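Q: Hi! Could you walk me through this one? I'd like to start with a strand and then look at some ring contacts.

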Amino acid sequence: MDKNKLIFVVDDDSFMTSLIVKSFSSEDFRVESFDYGEDCLQAMDKMKPDLIILDYYFTKPGQKVMNGMEILDKIRSRYPDIYIVMLSGQEKGEVVLELARKGINDYVIKDNNLINNLNTSVKELLDAKS
């Protein structure tokens, strides 16, 4: 597998982001992280990632920010071929179904197995692409 793949991590939880970035950087991936989807979309004007790890729920005190579903729609409309793995703490079936309909490639729940599950998902998707 080409270890030089670019992964975007979009999550407003700085602990979660640093955990994911550290995990994938040690695997020789190039990793860029963003606190909010708006920042990710702006960066995509300059560079195109091979895969995006996108959180579902965002909050920013005193400001309205797009949630993962809205960001997903914007990414899909501009870049339909980029792999997207959605992260979420919720396990509601209808949310997962809606995300699947909108074209996510995988859904990983934020639990104790997050890094292992994310590693498996990312490697399977990027292996399929190379």
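A: Happy to; we'll take strand E4 and its neighbours, then the aromatic pairs, and please keep in mind that this is a predicted model.

Q: Sounds good. How many of the residues of strand E4 are buried?
A: Strand E4 covers residues 83-88, and 6 of its 6 residues are buried.

Q: And which residues point which way from E4?
A: Tyr83, Val85 and Leu87 point one way, while Ile84, Met86 and Ser88 point the other way. Residues on both sides are buried.

Q: Nice. Which way does strand E3 run against E4, parallel or antiparallel?
A: Strand E3, residues 51-55, runs parallel to E4, and 5 bridges join the two. Asp55 stands opposite Leu87 of E4.

Q: What about strand E5, how many bridges join E4 to it?
A: There are 4 bridges between E4 and E5, the strand of residues 106-109, and these two also run parallel. Leu87 turns up again here: its bridge partner in E5 is Val108.

Q: Which helix goes with E3 and E4 in a β-α-β unit?
A: That would be helix H3, residues 68-78, and the unit it makes with E3 and E4 is right-handed. E4 also belongs to a unit with helix H4, residues 93-101, and E5, which is right-handed as well.

Q: Okay, switching to rings. How many aromatic pairs does the structure hold?
A: It holds 3. One of them is Phe24 with Phe29, at 5.8 Å centre to centre and with 65 degrees between the planes, an edge-to-face arrangement.

Q: Why does Phe24 count as buried?
A: Because its relative accessibility is 0%. Phe29 is buried too, with a relative accessible area of 5%.

Q: Got another pair for me?
A: Sure, Tyr36 and Phe58 form a tilted pair, 6.2 Å centre to centre with 50 degrees between the planes.

Q: Where do Tyr36 and Phe58 lie?
A: Tyr36 lies in the loop between strand E2 (30-34) and helix H2 (37-43), and Phe58 in the loop between E3 and H3, so the pair ties together parts that are 22 residues apart in sequence.

Q: Are those two rings buried or exposed?
A: Tyr36 is buried, and Phe58 is buried as well.

Q: Last one: which residue lies over the face of Tyr36?
A: Lys60 does, at 4.6 Å from the ring centre. Tyr36 therefore has a ring partner in Phe58 and a lysine over its face.

Technical notes. Residues numbered from 1 in each chain as written. Predicted model: local features only at pLDDT ≥ 70, side-chain atom pairs only at ≥ 80, totals over all residues. Heavy atoms only, no water. Buried < 20%, exposed > 50% of the residue type's maximum accessible area, 1.4 Å probe, protein only. Pairing = 2+ DSSP bridges. Right-handed = clockwise from strand over helix to strand, strands pointing away. Phe/Tyr/Trp six-rings, centres within 6.5 Å; stacked < 30°, edge-to-face > 60°. Lys NZ or Arg CZ within 6 Å of the ring centre and 35° of its normal.
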